[in-house]
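Student: Got a minute to go through this one with me? I'd like to start with the strands and then wander around the helices.
Tutor: Sure, let's pull it up.
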Amino acid sequence: MKETLSPALQAYHGMMQLIAEGELKPGDKLPTVPLAQRFGVSRTPVTEALKRMEGEGIVTFILGSGARLIDPTAKEIHDTYFVRAFLESLALDSGFERVTRPMVIRLETYVEMEREYFNTGEKINCIQAGLDFHRELAKASGNDRLISYINNSLTACFVYLVLLEPARHGLAAQHPGQHHRLVELVTEGKREEAVSFLRRHVMESCTINIPNI
């Protein structure tokens, strides 16, 4: 049976889809009345959805101007990926021996999900699966503070990718293969090579996924 979404979720998913398709762009105003009319809901659910998106870092509320999509600078994006590369490689290096077989199975599941979502054109789900792969790998460190910092940087990257990655971006198709290769390096016990590969992969992802910054 098909799930019935609440009006707020309907508005949220509707706006996220418009962003993913490029109809709503960074810096755009998000007036509640036109959006409510478009999604067939009242203004209140749209406001609830915008508040959720504010909490996720996608929307900002400006006094006297209302809600707008964020418009990150190239420096902000590059800085975030630089921090990610450092933190994730640190997490893998410190937790290399703790990558268990069940974790490897979960990592490979995310790889397959990412590949499938890319092939079916489900941009947001594809992005989420790819970032969930990185979240899962970071857990091996066993360091809750480090994992929290990595999750924060991944959340920021999710926002950048939803806003700025072109739909069905061809180069993004290489990520599942890179993720699979990273798992191979880990399972083969090639610690230094795996850590170096991860650091390079994260930094290259910035220019691959967001080519126009």
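Tutor: Start at the hairpin that E1 and E2 form, with three residues between the two strands. Glycine 64 sits in that turn and has a positive phi of about 85 degrees. Keep in mind that this is a predicted model.

Student: OK. How many bridges join E1 to E2, and do they run parallel or antiparallel?
Tutor: Four bridges, and the strands run antiparallel. E1 covers residues 59-62 and E2 covers residues 66-69.

Student: What stands opposite threonine 60?
Tutor: Arginine 68, over in E2.

Student: Switching to helices. How do the axes of H8 and H9 cross?
Tutor: They come within 9 Å of each other and cross at roughly 170 degrees. That makes H8 roughly antiparallel to H9, since the angle is over 145 degrees. For orientation, H8 is residues 175-187 and H9 is residues 191-209.

Student: Which residues in H8 and H9 meet?
Tutor: From H8 you have His175, Gln178, His179, Arg181, Leu182, Leu185 and Val186. On the H9 side they meet Glu193, Ala194, Phe197, Leu198, His201, Glu204, Ser205, Ile208 and Asn209.

Student: And what's that contact like by class?
Tutor: Mixed: seven nonpolar, six polar and three charged residues between H8 and H9.

Student: New topic, cysteines. How many disulfides does the structure hold?
Tutor: Zero.

Student: Why does cysteine 206 have no bond to cysteine 157?
Tutor: Distance. The sulfur of cysteine 157 is the closest cysteine sulfur to that of cysteine 206, but at 7.7 Å the gap is too far for a bond. A disulfide here needs the two sulfurs within 2.5 Å.

Student: And where is the closest cysteine sulfur to cysteine 126?
Tutor: Also in cysteine 157, but 15 Å away, so a bond is ruled out there as well.

Student: Is cysteine 206 buried or exposed? And what about cysteine 126, buried or exposed?
Tutor: Cysteine 206 counts as buried, at 1% relative accessibility. Cysteine 126 counts as buried too, at 12%.

Student: Let's look at threonine 80. Where is its place?
Tutor: In helix H4, which spans residues 74-95. Threonine 80 counts as buried because its relative accessibility is 14%, and the cut-off is under 20%.

Student: What is threonine 80 in contact with, leaving aside neighbours within four places in sequence?
Tutor: Ser153, Ala156, Cys157 and Tyr160. Threonine 80 and tyrosine 160 are 80 residues apart along the chain, yet their C-alpha atoms are separated by 9.9 Å.

Student: Then take serine 153. Which helix does it lie in, and is it buried or exposed?
Tutor: Serine 153 lies in H7, residues 144-164. It is buried, with a relative accessible area of 7%. Beyond its neighbours within four places in sequence, serine 153 is in contact with Thr80 and Arg84.

Student: What about valine 111, buried or exposed?
Tutor: Buried, with a relative accessible area of 0%. Valine 111 has its place in H5, residues 101-119.

Student: What does valine 111 touch, not counting residues up to four places away in sequence?
Tutor: Phe133, Pro176, His179 and His180. As for glutamine 178, it is 67 residues from valine 111 along the chain, with 9.2 Å between the C-alpha atoms.

Student: Last one: where does threonine 100 lie?
Tutor: In the loop between H4 and H5. Threonine 100 is partly exposed, with a relative accessible area of 38%. Its C-alpha atom is separated by 8.3 Å from that of alanine 140, 40 residues apart along the chain.

Key
Residues are numbered from 1 along each chain as its sequence is written. This is a predicted model: local features need pLDDT of at least 70, side-chain atom pairs count only at pLDDT 80 or more; totals for chains, interfaces and linings use all residues. Side-chain values use heavy atoms; hydrogens and water are left out. Axes are lines fitted to C-alpha atoms, for helices over the stretch in contact, and angles run from 0 to 180 degrees between N-to-C directions. Angles under 35 degrees count as roughly parallel, over 145 as roughly antiparallel, 65 to 115 as roughly perpendicular and the rest as oblique. Contact means heavy atoms within 4.5 Å. Ala, Val, Leu, Ile, Met, Phe, Trp, Tyr, Cys and Pro count as nonpolar, Asp, Glu, Lys and Arg as charged, and the others, Gly among them, as polar. Buried means under 20% relative accessible area, exposed over 50%, partly exposed in between (1.4 Å probe, protein chains only). Two strands pair if DSSP finds at least two bridges between them.
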